[in-house]
Amino acid sequence: MKVLAIAGSLREQSFNRGLIRAAQALAPAGMEIIAADISDIPLYNGDDDGDNRPAPVTALAEQVKAADALLFATPEYNYSIPGVLKNAIDWLSRVPGGIFAGKPAAIMGASMGGMGTSRSQYHLRQGWCFWMCIRSTNRKCSSLQPMKNVMRMVTCRTRQRRT
Ligand SMILES: Cc1cc2nc3c(=O)[nH]c(=O)nc-3n(C[C@H](O)[C@H](O)[C@H](O)COP(=O)(O)O)c2cc1C
């Protein structure tokens, strides 16, 4: 199973990028978690979409297409999704053929705040359900069980390190 992990933070010392590294370390045999790099994705400009789509966007779209599942690790910025992540999703959502449709996906997030990125996760999920047709892990789907297990392990390890 090939999982493409996308972090909503570009920061070198990002907790959310750390979550993805933890997931990579904990992935069971048969699961490969690839960390996407969204740092070169330019700001969305409709004039550059279509035939002029920037190379980093095309490369990320190919990674999404090749993945069996997606894993998002996102911080919360001002009660919502960080702009860098929204921007990447905006580009990807315009790729012909609906590359997200039916793709199983899960969200996790790390934050110093008490709400633990819940509002950001909620906003991310809203776009999935009503527009991009991403299949969220809270729906029954046995093929997602290995990914849920990894997320559970990441959460447990993170809690252990805090205490
Ligand atoms: C612009 C900005 C807005 C933020 N807004 C929130 C917020 O609404 N809720 C929250 O819990 N944390 C908020 N934070 C704190 C981030 O959750 C925290 O910086 C987190 O460590 C960022 O994730 P990272 O470590 O992966 O970069 C905000 C941080 C920034 C830079």
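In the predicted model, Trp128 is located in helix H4, which spans residues 118–132. Trp128 has 19 other C-beta atoms within 10 Å and is therefore partly exposed, since a residue counts as buried if 20 or more such atoms lie within that distance. The C-alpha atom of Trp128 is separated by 8.5 Å from that of Phe100, although the two residues are 28 positions apart along the chain.

The chain that contains this helix comprises 5 helices and 5 strands. Read from the N terminus, its elements follow the order β-α-β-α-β-α-β-α-β-α. Of the contacts in the chain with a separation of 6 or more, 77% are accounted for by residues 24 or more positions apart. Buried residues make up 32% of the 163 residues of the chain.

The largest nonpolar core consists of 37 residues, among which Ala5, Ile6, Ala23, Leu71 and Ala88 touch the most other members. At least two residues of this core are supplied by each of the strands S1 (2–7), S3 (69–73) and S4 (104–108), and likewise by each of the helices H1 (15–26), H2 (55–66), H3 (83–93) and H5 (145–162). The surroundings of Ile6 illustrate the contacts of one such residue. When neighbours within four places in sequence are left aside, Ile6 is in contact with Ala36, Ile38, Leu70, Phe72, Leu85 and Ala88.

Two of the helices that contribute to the core, H2 and H3, also meet each other. Their axes come within 10 Å and cross at roughly 80°. Helices H2 and H3 are therefore roughly perpendicular to each other, because angles of 65 to 115 degrees are classed in this way. On the side of H2, the contact is made by Val57, Leu60, Ala61 and Val64, while H3 contributes Ala88, Trp91 and Leu92. By class, this contact has 7 nonpolar residues, with no polar and no charged residues. Ala88 thus appears in the contact of H2 with H3, and Ala88 is also one of the core residues that touch the most other members.

The model further includes a ligand, around which 14 residues are placed. Of these, Ser9, Ser14, Asn16, Pro75 and Gly113 come nearest to the ligand. By class, the shell around the ligand has 6 nonpolar, 6 polar and 2 charged residues. The shell thus includes polar and charged residues, whereas the contact of H2 with H3 has none of either class.

Terms used:
Residues numbered from 1 in each chain as written. Predicted model: local features only at pLDDT ≥ 70, side-chain atom pairs only at ≥ 80, totals over all residues. Near = placed C-beta within 6 Å. Nonpolar A, V, L, I, M, F, W, Y, C, P; charged D, E, K, R; others polar. Core = buried A, V, L, I, M, F, W, Y, C linked by C-beta atoms within 7 Å. Buried ≥ 20, exposed ≤ 12 C-beta atoms within 10 Å, placed from the backbone. Helix = DSSP H or I, 4+ residues; strand = E, 2+ residues; numbered from the N terminus. Contact = placed C-beta atoms within 7 Å. Axes fitted to C-alpha atoms, helices over the stretch in contact; angles between N-to-C directions. Parallel < 35°, antiparallel > 145°, perpendicular 65-115°, else oblique.
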